[in-house]
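Biologist: I would like to learn how to read charged side chains in a model. Could you walk me through it?

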Amino acid sequence: DQFFVVLEKLLERADSLEDDILYEQNVVQLKTLNGLKDEVRQMRRAIWPMREMLNTLSRADQSFFSSETRLYLRDVYEHVVQVLEALDTLRDQLADLLDIYMSNVSNRLNVEVRILTVLTMLFMPATLISGIFGMNFEQMPLLKNALGFWIAIAIMSGCAGVMAFLFWRRNMLKK
């Protein structure tokens, strides 16, 4: 019967952890989740042999136990089965929490990668134009022009501005 008390505490910790994970994810929660999974695994490993032993003792046709004692053994056996079923449910809940945690972390990473990709795309035309103008050729447009530098900067800025506008229109700059 004392296993029910421990099980209740584990369930409370799992519910509290679920609330925390749904709002924000951090490494401490992942460690707590893995620790809780280990505790459930250890408790299940400790209780499982009791189930088999109590089942054998309560069903055996031995004269060692009276029928009244066998009734108590069956009651304890049912309690052990209930605890094991609750532990299985808790184990499934913790596995689902791990999936939620990983999905949220993955989604957050996808948003960050998308933003970095957009920033990279904004600077690619500038890199291309500066690379072309940086070549050692004698005959290039705007190379000898006094305003050539400023025209190249304007072209680079214009490309980046147009791309930023298009990305903004497609909602790619929002988290």
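Modeller: Happily! Let us begin with the term itself: a salt bridge is a side-chain nitrogen of Lys or Arg within 4 Å of a carboxyl oxygen of Asp or Glu. Keep in mind that we are looking at a predicted model.

Biologist: How many salt bridges does a search of the whole structure find?

Modeller: The search gives five salt bridges. The general idea is that side chains of opposite charge can pair when their charged atoms come close. Let us take a pair inside one helix to start.

Biologist: Which residue forms a salt bridge with Asp38?

Modeller: Asp38 pairs with Arg41, and their closest N and O atoms are 2.6 Å apart. Both residues belong to helix α2, which covers residues 27-59. They are three residues apart, or about one turn of the helix.

Biologist: Is Asp38 buried or partly exposed?

Modeller: Asp38 counts as partly exposed because its relative accessibility is 35%, and buried would mean under 20%. Its partner Arg41 is also partly exposed, at 42%.

Biologist: Now for a pair between helices. Where do Arg44 and Asp88 lie?

Modeller: First the contact: the side chains of Arg44 and Asp88 form a salt bridge with an N to O distance of 2.6 Å. This pair links distant parts of the chain, with Arg44 in helix α2 and Asp88 in helix α3 (residues 67-133), 44 residues apart.

Biologist: What other side chain does Asp88 meet in a salt bridge?

Modeller: That is Arg91, at 3.3 Å from N to O. Asp88 and Arg91 sit three residues apart in helix α3, about one turn of the helix. With relative accessible areas of 22% for Asp88 and 40% for Arg91, each is partly exposed. Put the two contacts together and you have a network of salt bridges linking Arg44, Asp88 and Arg91.

Biologist: And charges outside such pairs? Which residues gather in a patch of negative charge?

Modeller: On the surface, Glu8, Glu12, Asp15, Asp19 and Asp20 make up that patch. To join a patch, a residue needs over 30% relative accessible area and no salt bridge. Take Asp19 as a case: it is found in helix α1, residues 2-23. At 45% relative accessibility, Asp19 is therefore classed as partly exposed.

Notes: Residues are numbered from 1 along each chain as its sequence is written. This is a predicted model: local features need pLDDT of at least 70, side-chain atom pairs count only at pLDDT 80 or more; totals for chains, interfaces and linings use all residues. Side-chain values use heavy atoms; hydrogens and water are left out. Patches are made of residues with over 30% relative accessible area and no salt bridge: like charges are joined within 9 Å, nonpolar side chains (Val, Leu, Ile, Met, Phe, Trp, Tyr) within 5 Å. Accessible areas come from the Shrake-Rupley method with a 1.4 Å probe; for residues, only the protein chains shown count as cover. Lys and Arg count as positive and Asp and Glu as negative; His and the chain ends are not counted. The place of a charge is taken as NZ of Lys, CZ of Arg, CG of Asp or CD of Glu. Helices (H or I, at least four residues) and strands (E, at least two) are DSSP runs, numbered from the N terminus. Buried means under 20% relative accessible area, exposed over 50%, partly exposed in between (1.4 Å probe, protein chains only).
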